[in-house]
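Q: I have a sequence and a 3D view open, and I would like to learn how to read them. Could you walk me through it?

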Amino acid sequence: MPACRFCLATYPREYFISGVGPKKDTCQRCGIKEGLIEESEATMLFDAGLASSRLTLLSRRWAPM
């Protein structure tokens, strides 16, 4: 899975902006924050609650016992 060059998160390819130049390897969330795309153009955008719950799940999974 590719990683976003801004937030370094790994997502499947469909969560990334297609394009070359500054859009290459940028997830849709970071694309909106950086002004590369509009929110209406983002097809698969996580809301803040889902993103934080995913981060919590991964941190609990990989935290040392």
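**Reading the chain step by step**

A: Let's start with how the chain meets itself: among contacts between residues at least 6 apart in sequence, 13% join residues at least 24 apart. Please keep in mind that this is a predicted model.

Q: Which helices and strands does the chain have, by number?
A: Counting elements is a good habit when you meet a new fold. Here the chain has 2 helices and 0 strands. Helix H1 covers 28–34, and helix H2 covers residues 48–62. The C-alpha atoms fill a box of roughly 40 × 20 × 20 Å along the principal axes.

Q: How many of the residues, as a percentage, count as buried?
A: To judge burial, look at relative accessible area, where buried means under 20% and exposed means over 50%. Of the 65 residues in this chain, 20% count as buried.

Q: Is threonine 26 buried or exposed?
A: Threonine 26 has a relative accessible area of 0%, so it is buried. You will find threonine 26 in the segment before helix H1.

Q: What does threonine 26 touch?
A: Contacts with residues distant in sequence are worth listing one by one. Setting aside neighbours within four places in sequence, threonine 26 is in contact with Cys4, Arg5, Phe6, Phe16, Ile17, Gly31 and Leu36. The side chain of threonine 26 also reaches the backbone oxygen of proline 22, at 3.3 Å.

Q: Is glutamine 28 buried or exposed, and why?
A: Glutamine 28 is buried because its relative accessible area is 6%, under the 20% cut-off. This residue is in helix H1. Leaving out residues up to four places away in sequence, glutamine 28 touches Glu14, Tyr15, Phe16, Ile17, Ile37, Ala42, Thr43, Met44 and Leu45.

Q: What about glutamate 14, which residues does that one touch?
A: It helps to view a contact from the other partner too. Not counting residues up to four places away in sequence, glutamate 14 touches Gln28 and Met44. Glutamate 14 lies in the segment before H1 and counts as partly exposed, at 44% relative accessibility. The C-alpha atoms of glutamate 14 and serine 40 are separated by 16 Å, while the two residues are 26 apart along the chain.

Q: How many disulfides does a search of the whole structure find?
A: For this feature, compare the distance between cysteine sulfurs with a cut-off. The search finds 0 disulfides. Cysteine 4 is in no disulfide, and its nearest cysteine sulfur, in cysteine 27, is 3.7 Å away.

Q: Why is the sulfur of cysteine 7 not bonded to the closest cysteine sulfur?
A: A disulfide needs sulfur atoms within 2.5 Å. The sulfur of cysteine 7 is 3.6 Å from that of cysteine 30, the closest one, so the pair is too far apart for a bond.

Q: Are cysteine 4 and cysteine 7 buried or exposed?
A: Cysteine 4 counts as buried, at 1% relative accessibility. Cysteine 7 is partly exposed, with a relative accessible area of 39%.

Q: How far apart are serine 18 and cysteine 4?
A: You can give such a separation in two ways. Serine 18 and cysteine 4 are 14 residues apart in sequence, and 12 Å apart in space from C-alpha to C-alpha. Serine 18 is in the segment before H1, and its 68% relative accessibility makes it exposed.

Q: Which residue other than glycine has a phi near 65°?
A: When you look at backbone angles, check the sign of phi and the residue type together. Leucine 8 has a phi near 65°, a positive value, and is not a glycine. This residue is in the segment before H1 and is exposed, at 65% relative accessibility. Aspartate 25, also not a glycine, has a positive phi of about 55°. Aspartate 25 is in the segment before H1 and counts as partly exposed, at 25% relative accessibility.

Q: What volume does the largest pocket have?
A: For a pocket, ask about volume and then about lining. The largest pocket has a volume of about 220 Å³. Of the 10 residues lining it, the closest to its centre are Ala9, Tyr11, Ala51, Arg54 and Leu55. Helix H2 gives the largest share of that lining, with 5 residues. By type, the lining divides into 6 nonpolar, 2 polar and 2 charged residues.

Definitions and conventions. Residues are numbered from 1 along each chain as its sequence is written. This is a predicted model: local features need pLDDT of at least 70, side-chain atom pairs count only at pLDDT 80 or more; totals for chains, interfaces and linings use all residues. Side-chain values use heavy atoms; hydrogens and water are left out. Helices (H or I, at least four residues) and strands (E, at least two) are DSSP runs, numbered from the N terminus. Buried means under 20% relative accessible area, exposed over 50%, partly exposed in between (1.4 Å probe, protein chains only). A polar contact is a pair of N or O atoms within 3.5 Å; within protein, one must be able to donate a hydrogen and the other to accept it, and residues adjacent in sequence count only if both atoms are side-chain atoms. Contact means heavy atoms within 4.5 Å. On a 1 Å grid over the protein atoms alone, a cavity is a set of points where a 1.4 Å probe fits but cannot get out, and a pocket is an open set with protein on both sides within 12 Å along at least five of seven lines; lining residues have an atom within 4 Å of a point. Grid points are joined across faces, edges and corners, and a volume is the space filled by probe spheres set on the points. Ala, Val, Leu, Ile, Met, Phe, Trp, Tyr, Cys and Pro count as nonpolar, Asp, Glu, Lys and Arg as charged, and the others, Gly among them, as polar.
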